[in-house]
Each structure stands twice: as C-alpha cells, then as structure tokens.
Number of protein chains: 2
Amino acid sequence: MSFKITILGSSGALPAYGRFPSSQLVEIQNRMFLVDCGEGTQIQMMKYQVNFHRISHIFISHLHGDHYLGLMGLLFTMHLQRRTNDLHIHSHWGLDDIITTHLQHSHGSLSFKIHFHGLEEGVIKTIVEDAVITVETIPLHHRVKCSGFLFREKPKPRRIDKDRLPEGLRMMQIANLKKGEDVLDDDGNVLYKNHDLTLPPRRSRSYAYCSDTGYNEDMVSQIKEVNMLYHEATFMAEEADKAEMTLHSTATQAAQIAALANVTTLLIGHFSARYRELEPVLNEAMKVFASTRLAVEGETFSIKD
Amino acid sequence: MSFKITILGSSGALPAYGRFPSSQLVEIQNRMFLVDCGEGTQIQMMKYQVNFHRISHIFISHLHGDHYLGLMGLLFTMHLQRRTNDLHIHSHWGLDDIITTHLQHSHGSLSFKIHFHGLEEGVIKTIVEDAVITVETIPLHHRVKCSGFLFREKPKPRRIDKDRLPEGLRMMQIANLKKGEDVLDDDGNVLYKNHDLTLPPRRSRSYAYCSDTGYNEDMVSQIKEVNMLYHEATFMAEEADKAEMTLHSTATQAAQIAALANVTTLLIGHFSARYRELEPVLNEAMKVFASTRLAVEGETFSIKD
C-alpha cells in the first residue's frame, strides 16, 4: 500500500533558479493530501501529471505568501474542471476570509463545497482521522501562527499466515484471526492460538512536515522515530543569526532535530534564494545526520511497508 | 528608443503544456509597465531576468484569477527585496479589497506605497499621461467588468538635420528649431525656415492590449492603425458557439478586428487548454490577417521607431 511524498516546491520566500514555493503531495493508501500550496502549485501538478481532483484535504501551515498563494488558482481550476466532491481546507483563521474575498470579487461561487477547518495555535491536536490514518498538528515556532502536520497510519491487523492456515476454517473464524483473536470451536474451546496462524502486522508508517520553524526541540517527543521528517533548512550554519532572527532553521539545526528524534530519513527544503547550488546545504546536514535528502521539485519519496 | 512587448504568459484560464496565465511586460522609452499578472508571473520574470523593480504601473484588465492571481506574490517579493519606490495599480474595484485582505492576514504592510486607481467600466479614458506617453482604457465585452489598455507615444518633435545645420547657431535657436519654429535673427526676421533645417518627427508608436473580450467591433475606431494589437484568441472557429457563450474570441474574430482596424501586426494569445499545438490557431488567424504572430512565453516583439 502506498505511502509517498512528492515535492512540488522547494523554495523559500523568494522563488529562484526555477524552484517553486512550498508545496507537497502526501499519498497514503489512496488518500491524497496537499500540504502547503505556494504560487504555481497547480502548474507544478500539471507538469507532474497529478490528478488533483483526488485531493480531499489541503493543509496550509501558515499565512505567509509562499505557503498559500497558489490556493486560489487551484480552487478556480477545480471549479472550471467542474469538481463536485467536497474539499477540506485546514489552515489558521484568516485564509477563510481571503478565500471569501476572492470569490466575492471574481467567480462568485465554486462548483464544490469547501469545509474550512481553523487550526489552533501551539497545540497538538488530531484534525483528521479515518479507519486507516490520523493527521495531527505540530506546534512550530515562526513569526506568525504556524503548524506542522504529522501523518500516521493507525496500527494494522496481524496478517494471516497462508502457509500455516488449516483447510476448512469458516469465514467468521478467519475474520476473528485478523482481529487478533484465537480460533474457537462451536463450544468456545480454543482450536488454534492466534499467533500460531498469523504474522505480525505490517508497520504503521509516519511522516512529519515541519515548515516554517526556528530551532525547536519541543517537537522532538511528538515526532520521535517517524519514518520520514521534512524539516525546513532555509539557511546554512554561517547564517545562524539570520535564521534565529527570522525564526527559520539552518541545515545543521534540521539535522540536529532529526538526530534527537531518531527519525529514519530527513528531507530538507525551503531553501533561501542565496543558494543557487544545494549540495553544500545537503552536505552540511549530512555531517550531523547522514540519512538526509534534498526535497526538490519532482522528487518522490516512498516509505515501504 | 525602445518600444517592446515581452510575453510572460499565453494561457487561458487553465494553464497547460507549460503555458502560464496572462501577463505581459510593456517597455516604452525606459518606462516599464506590467499588463495583467496571472499566477506565476514573478517566476516567469525571474526566468527571463526582468528587473521588476523598474515596473512603475501595473494594469489588471479584470478580476478573473488567470489575470491577477500572481499579483500578491509579486508584491510580497518586491517587499522582501525592500522596494521603496511607489507602485501604481490600475484595476477595476475589488482588487484593492483583495490586496488589503491579504496584507491584513499575512505580512501586515509593505516596504513601498501602492497607489490604487479604480477603473471605470465601458469608457475610453486616459489613465496615465506623462511627457512622452499616454495610456487609455479600451472598453471590452466580457463576463465581468473588463478593460483593455492602449499605449501611445505622444507626437514627437521634428529632428535637426545635422547635414544642413549652419554653423554658429545659438542654443536657443536650436531649441526653437526642435519645437518646430523658424530661426530668427535678433530683430525677429526669419533667418532659416524650420522645414529647411529639420526632418519630420519619428512616428509615434502604439500598442493595444485586448483581453478578455467577445467579438466587439466597437473597439475598432479606437485602435485604428495601431502598430501592434494583442487580441485574445481563446478558441478556434469550430468553437465559435463556446466563444460567444463565454464572451471570448476565436482566432478568426481576432484577425477580423485586426483587419478592420488596419493594424500593422496582430499578436494572439490566451489559448484554451484544448489546444496543445498552436500552429493551427495561428494558421486560422493568418487566413484573415496575414501579419499575425503567436504571443507565447519568452517572445519579445519590438516596434521600431
């Protein structure tokens, strides 16, 4: 079952060198989520042939232009293409006002319904939950209200071990096995212990998105041992003062958070326009945390189950 | 002296095939104007290495997203790059409200002052005038309030014919020649007739931008014999019904307007996403008006003086 992140934009506030502002697609078991939506996101989605009508939820981390200015264009395009399924938008309050103002002065109304969900600042809260996944907010430290997002698969059932499954079991008995129960006979006696006929469940995968934020160890306990962490790395260490002043992070700091949280893989992005080449940024992070990758346009990172 | 138009976006409402939504740079004698500002305009300007701090006036034809959604990103970037010179924005009312709403919820204020000039619907009006040029509105027929823009150089002075200029003329006498006056002696008698020492003025060039609009012969008298006409050509003739219904034009109709107005060159753009290849659209227009060009991304069209 799929669990993958596709990078649509890797740029900081000033888009440069063909890099687009922040946007990522997160696809988990056929659910498609958009995380941040900088200017040009719909153009990037067309380039990478994303069927954006499958997006059910859009998560906007904060109201700086490079994280949300592509949203109206995307909504208008969904409208022109006659989307009918509901769309959920999760953002700090204010974006609802911006959307309403645009609609008021241009198209008037859309062909589909938007459910706007205002985020709370500074709290960990589950904002989406279904049978398979949860999404919770991650409090970030930035100049305006800002939240990251943590995507987790729920615990999965044990899997039937087909090699050891006896013939003649009834449907109900197999269903109980999947639930972790033993196989009973009609009198309620144990015929087979669950663990003798099943394999451990597949692991539940997780992805944490943290942009924009100053260095913030408070998040470590929440994102402990996620499979993949995206952490902004706007600057290199030589600009640590500027990072601190603007509440951004350096590549070293992103890697320090990854190391403290003992994640499997670190993705870095939100690169300042001062860096034409990104290899030095990557190398700086890898000195602290070897398993680091550049989250650049068009790259897809999969987490195997 | 320069008079040139650079195309930043050629797409209709749905950006496709790498085409960007409407935006053009108009440069006349070191004045730089931006006409429409679809999503991604700043990204295109960076690609084509446009120094956008030189832009003094931005003209927005109407409030459909593909003509204005790049504006906030451009304003934020100008702010981040610490622009200080004033910026004039000409648009139908509503965009002022949209800009204010964005500022209220994100950056708060900008590093430079915006002068917002609300357009009037359905009138020809001079909205910018200086010593060298005028810009006037062109009433267009679209589904919302919509104006085109007509850029004209003012009449130019006659030019001194250096080959025939006698030696010993004083500065004042030469200045009078340039103004079209004769050269007089101290007693007020004519020493040289103006036309004997001067050449005719260079021509005053003109550019009309007409997007979006249904077929509309009313504009012909206003744009008569302009050097260059940009006219939208969203559809081909086989979609004439759809053009009429949505108040857009076909390539044939754009060419008919160009022919009626006897312009020198027609540029067509605002292409529907249904046309991957544009040669057929161009060929359709050229059957009616031979001097037609595709206004596609990165092309610059100069008008010689």
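**View 1. Helix H3 of chain B against its sheet.** In this predicted model, helix H3 (residues 71–80) of chain B lies across strand E3 (31–37), strand E4 (55–59), strand E5 (87–91) and E6 of chain B, and runs at about 175° to E5(B). Helices (H or I, at least four residues) and strands (E, at least two) are DSSP runs numbered from the N terminus, contact means heavy atoms within 4.5 Å, and angles, which run from 0 to 180 degrees, are taken between the N-to-C directions of axes fitted to C-alpha atoms, for helices over the stretch in contact. The open sheet has 7 strands in the order E6-E5-E4-E3-E2-E1-E18 (chain B), with mixed pairing, where two strands pair if DSSP finds at least two bridges between them. Strand E6 (114–118) and strand E18 (300–302) of chain B are its edge strands, each pairing on one side only, and the twist from one strand to the next averages 20°. Strand E1 (residues 3–9) and strand E2 (residues 23–28) of chain B pair in the antiparallel sense over 6 bridges, and B:Gly9 has B:Ser23 in E2(B) as its bridge partner.

**View 2. The second sheet of chain B and its helices.** Here 7 strands form an open sheet of mixed pairing in the order E7-E8-E9-E14-E15-E16-E17 (chain B); its edge strands, pairing on one side only, are strand E7 (126–129) and strand E17 (292–294) of chain B. Strand E9 (residues 147–153) and strand E14 (residues 206–210) of chain B are antiparallel, pairing over 4 bridges, with B:Leu150 opposite B:Ala208 in E14(B). Helix H9 (residues 251–261) of chain B packs on the sheet, where it touches strand E15 (228–232) and strand E16 (265–269) of chain B, and its direction makes about 150° with that of E15(B). Helix H10 (residues 279–288) of chain B lies across E16 and E17 of chain B, at about 165° to E17(B).

**View 3. Surroundings of B:Leu75.** In the largest nonpolar core, which has 56 residues, A:Leu75 and B:Leu75 touch the most other members; such a core is a set of buried Ala, Val, Leu, Ile, Met, Phe, Trp, Tyr and Cys residues joined through side-chain atoms within 4.5 Å. Not counting residues up to four places away in sequence, B:Leu75 touches B:Leu87, B:Ile89, B:Ile99, B:Leu110, B:Phe112 and B:Ile114.

**View 4. The two sides of helix H5 of chain A.** Within H5 (residues 171–178) of chain A, A:Gln173, A:Asn176 and A:Leu177 are buried, and because these buried residues fall within an arc of 105° seen down the axis of H5(A), they line one face of the helix; the arc is that of the directions from the helix axis to the C-beta atoms. A:Met171 and A:Met172, on the other side of H5(A), are exposed (buried means under 20% relative accessible area, exposed over 50%, partly exposed in between, with a 1.4 Å probe and protein chains only). The cover over the buried residues of H5(A) includes strand E10 (159–160), strand E12 (190–192) and helix H6 (194–197) of chain A. A:Gly180, whose phi is positive, near 100°, follows H5(A).

**Notes.** Residues are numbered from 1 along each chain as its sequence is written, and chains are lettered from A and ligands numbered from 1 in the order in which they are written. Because the model is predicted, local features need pLDDT of at least 70 and side-chain atom pairs count only at pLDDT 80 or more, while totals for chains, interfaces and linings use all residues; side-chain values use heavy atoms, with hydrogens and water left out.
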